[in-house]
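Here's a relaxed walk through a single chain, helix by helix and contact by contact. Have the viewer open while you read.

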Amino acid sequence: MSKSIDNAKAPSTISEYDNRDNSAWAWSFSAAMVPFVAFCYGHHRGVTGRVVERMVKSPVGVYGLFLLPFATLGMEKCIYDSVQSWQGIDPNIRPKDRGGFPSGGADLPSFSLIPVQKRIARRVTSEQ
(Lines give C-alpha, C1' and ligand atoms only; values in the text may rest on other atoms or scores of the structure.)
Protein backbone atom coordinates (compact mmCIF):
# COMPACT_ATOMS: atom_id res chain seq x y z
CA MET A 1 0.00 0.00 0.00
CA SER A 2 1.12 3.50 -0.69
CA LYS A 3 1.49 6.09 2.01
CA SER A 4 -1.47 8.34 2.69
CA ILE A 5 -1.12 12.10 3.02
CA ASP A 6 -2.92 13.70 5.94
CA ASN A 7 -5.23 16.67 5.39
CA ALA A 8 -2.82 19.17 6.95
CA LYS A 9 -0.23 18.55 4.22
CA ALA A 10 -2.71 18.18 1.38
CA PRO A 11 -2.62 20.93 -1.24
CA SER A 12 -5.61 23.22 -1.28
CA THR A 13 -6.07 22.99 -5.07
CA ILE A 14 -4.95 20.58 -7.72
CA SER A 15 -2.94 23.28 -9.47
CA GLU A 16 -0.60 23.48 -6.46
CA TYR A 17 0.92 20.09 -7.22
CA ASP A 18 -0.07 19.43 -10.82
CA ASN A 19 1.91 21.57 -13.21
CA ARG A 20 1.63 19.42 -16.32
CA ASP A 21 1.07 21.00 -19.68
CA ASN A 22 -2.32 21.06 -21.37
CA SER A 23 -1.63 17.97 -23.47
CA ALA A 24 -1.08 15.68 -20.45
CA TRP A 25 -4.72 14.58 -20.57
CA ALA A 26 -3.96 12.79 -23.86
CA TRP A 27 -1.70 10.29 -22.08
CA SER A 28 -4.38 9.46 -19.49
CA PHE A 29 -7.02 9.23 -22.20
CA SER A 30 -4.84 6.98 -24.36
CA ALA A 31 -3.99 4.70 -21.45
CA ALA A 32 -7.68 4.32 -20.62
CA MET A 33 -8.60 3.69 -24.25
CA VAL A 34 -6.22 0.75 -24.76
CA PRO A 35 -8.08 -1.67 -22.46
CA PHE A 36 -11.44 -0.23 -23.54
CA VAL A 37 -10.69 -0.87 -27.21
CA ALA A 38 -9.43 -4.36 -26.30
CA PHE A 39 -12.69 -4.99 -24.45
CA CYS A 40 -14.76 -3.77 -27.42
CA TYR A 41 -12.78 -5.97 -29.79
CA GLY A 42 -13.15 -8.96 -27.46
CA HIS A 43 -16.88 -8.31 -27.12
CA HIS A 44 -17.17 -8.21 -30.92
CA ARG A 45 -15.37 -11.58 -31.09
CA GLY A 46 -17.71 -13.13 -28.48
CA VAL A 47 -15.35 -13.12 -25.50
CA THR A 48 -17.91 -11.49 -23.18
CA GLY A 49 -20.40 -14.32 -23.68
CA ARG A 50 -17.73 -16.95 -23.10
CA VAL A 51 -16.57 -15.23 -19.89
CA VAL A 52 -20.12 -15.08 -18.53
CA GLU A 53 -20.75 -18.70 -19.53
CA ARG A 54 -17.50 -19.90 -17.96
CA MET A 55 -18.26 -17.92 -14.78
CA VAL A 56 -21.72 -19.46 -14.48
CA LYS A 57 -20.33 -22.98 -15.01
CA SER A 58 -17.50 -22.46 -12.51
CA PRO A 59 -17.71 -23.74 -8.92
CA VAL A 60 -18.69 -20.20 -7.85
CA GLY A 61 -21.79 -20.41 -10.06
CA VAL A 62 -24.12 -17.56 -10.89
CA TYR A 63 -22.93 -15.66 -7.82
CA GLY A 64 -19.60 -15.20 -9.56
CA LEU A 65 -21.29 -12.67 -11.83
CA PHE A 66 -21.44 -10.34 -8.83
CA LEU A 67 -17.63 -10.35 -8.75
CA LEU A 68 -17.22 -9.10 -12.33
CA PRO A 69 -17.99 -5.40 -11.62
CA PHE A 70 -15.48 -5.34 -8.76
CA ALA A 71 -12.83 -6.96 -10.96
CA THR A 72 -13.36 -4.50 -13.79
CA LEU A 73 -13.39 -1.49 -11.41
CA GLY A 74 -10.15 -2.77 -9.92
CA MET A 75 -8.61 -2.97 -13.39
CA GLU A 76 -9.79 0.57 -14.18
CA LYS A 77 -8.30 1.93 -10.94
CA CYS A 78 -5.06 0.08 -11.67
CA ILE A 79 -4.76 1.78 -15.06
CA TYR A 80 -5.68 5.21 -13.71
CA ASP A 81 -3.31 5.01 -10.73
CA SER A 82 -0.46 3.70 -12.89
CA VAL A 83 -0.79 6.54 -15.41
CA GLN A 84 -0.99 9.13 -12.65
CA SER A 85 2.13 7.66 -11.02
CA TRP A 86 3.89 7.62 -14.38
CA GLN A 87 3.11 11.34 -14.77
CA GLY A 88 4.54 12.07 -11.31
CA ILE A 89 1.25 12.52 -9.43
CA ASP A 90 0.65 10.52 -6.27
CA PRO A 91 -2.83 8.96 -6.64
CA ASN A 92 -3.26 9.05 -2.84
CA ILE A 93 -3.05 12.84 -2.58
CA ARG A 94 -6.42 14.54 -2.53
CA PRO A 95 -6.51 18.35 -2.66
CA LYS A 96 -8.74 20.04 -0.12
CA ASP A 97 -11.06 21.37 -2.84
CA ARG A 98 -11.72 17.85 -4.15
CA GLY A 99 -13.25 14.78 -2.62
CA GLY A 100 -16.40 12.83 -2.21
CA PHE A 101 -18.15 11.00 -4.98
CA PRO A 102 -16.96 10.41 -7.70
CA SER A 103 -13.41 11.53 -6.94
CA GLY A 104 -12.91 9.47 -3.80
CA GLY A 105 -10.21 7.24 -5.27
CA ALA A 106 -7.54 8.77 -3.04
CA ASP A 107 -9.25 7.17 -0.04
CA LEU A 108 -8.63 3.71 -1.50
CA PRO A 109 -5.23 2.02 -1.64
CA SER A 110 -3.22 2.68 -4.78
CA PHE A 111 -3.34 -0.08 -7.40
CA SER A 112 -0.46 1.47 -9.33
CA LEU A 113 1.87 -0.98 -11.05
CA ILE A 114 4.79 1.48 -10.85
CA PRO A 115 6.05 3.85 -8.14
CA VAL A 116 5.34 7.56 -8.42
CA GLN A 117 7.93 8.95 -10.81
CA LYS A 118 9.94 12.03 -10.03
CA ARG A 119 8.94 15.02 -12.09
CA ILE A 120 11.64 16.60 -14.14
CA ALA A 121 11.16 20.32 -14.39
CA ARG A 122 11.71 21.32 -17.97
CA ARG A 123 12.70 24.82 -18.79
CA VAL A 124 11.92 26.05 -22.24
CA THR A 125 14.68 28.29 -23.48
CA SER A 126 15.07 29.85 -26.83
CA GLU A 127 18.42 30.31 -28.40
CA GLN A 128 18.86 33.58 -30.19
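A charge sits over a ring if NZ of Lys or CZ of Arg is within 6 Å of the ring centre and within 35 degrees of the ring normal. Keep that in mind for Lys 77, whose charged end sits over the ring of Phe 111, 5.9 Å from its centre.

Some ground rules before going further. This is a predicted model, where local features need pLDDT of at least 70, side-chain atom pairs count only at pLDDT 80 or more, and totals for chains, interfaces and linings use all residues. Residues are numbered from 1 along each chain as its sequence is written, and side-chain values use heavy atoms, with hydrogens and water left out.

**The overall layout**

The chain has three helices and zero strands, going by DSSP runs numbered from the N terminus (H or I, at least four residues, for helices; E, at least two, for strands). Along the sequence that reads α-α-α. As for confidence, pLDDT is the predictor's own score for each residue, from 0 to 100. The chain averages 77, and 68% of its residues reach 70 or more. Confidence is highest in H2, at a mean of 91, and lowest in H3, at 85.

Of the 128 residues in the chain, 20% are buried, where buried means under 20% relative accessible area, exposed over 50%, and partly exposed in between (1.4 Å probe, protein chains only). A contact is a pair of heavy atoms within 4.5 Å. Take the contacts with a separation of 6 or more: 76% of them come from residues 24 or more positions apart.

**Helix H3 and what packs on it**

H3 covers residues 68-86. Its 19 residues reach 27 Å from first C-alpha to last, close to the 27 Å expected at 1.5 Å a residue; the expected span is 1.5 Å times one less than the number of residues. The buried residues in H3 are Gly 74, Lys 77, Cys 78, Asp 81, Ser 82, Val 83, Gln 84 and Ser 85. Part of their cover comes from helix H1 (25-44).

Which residues does Ser 85 touch, not counting those up to four places away in sequence? They are Pro 91, Ser 112, Ile 114, Pro 115, Val 116 and Gln 117. Ser 85 is buried, with a relative accessible area of 1%. Just after H3, Gly 88 takes a positive phi of about 90°.

Back to Lys 77, which counts as buried at 12% relative accessibility. Lys 77 and Ser 112 are 35 residues apart in sequence, yet their C-alpha atoms are 8.0 Å apart in space.

**Salt bridges**

Side chains of opposite charge can pair when their charged atoms come close. The rule used here asks for a side-chain nitrogen of Lys or Arg within 4 Å of a carboxyl oxygen of Asp or Glu, and the count comes to two salt bridges.

| Salt bridge | N to O distance |
|---|---|
| Glu 53 and Lys 57 | 3.2 Å |
| Lys 77 and Asp 81 | 2.8 Å |

Glu 53 and Lys 57 both lie in helix H2 (residues 47-57), four residues apart, about one turn of the helix. Lys 77 and Asp 81 are four residues apart in helix H3, so about one helical turn separates them. An α-helix has 3.6 residues a turn, so residues three or four places apart point the same way.

What about the surroundings of each pair? In H2, Glu 53 is partly exposed, with a relative accessible area of 45%, and Lys 57 is exposed, at 67%. In H3, Asp 81 is buried, with a relative accessible area of 1%, and its partner Lys 77 is buried too, at 12%.

**The loop between H2 and H3**

Gly 64 lies in this loop and counts as buried, at 0% relative accessibility. The C-alpha atoms of Gly 64 and Arg 54, ten residues apart along the chain, are separated by 9.9 Å.

Leu 65 is in the loop as well, but is partly exposed, with a relative accessible area of 29%. Leaving out residues up to four places away in sequence, Leu 65 touches Val 52, Met 55 and Val 56. The C-alpha atoms of Leu 65 and Val 52 are separated by 7.2 Å, with their positions 13 residues apart along the chain.
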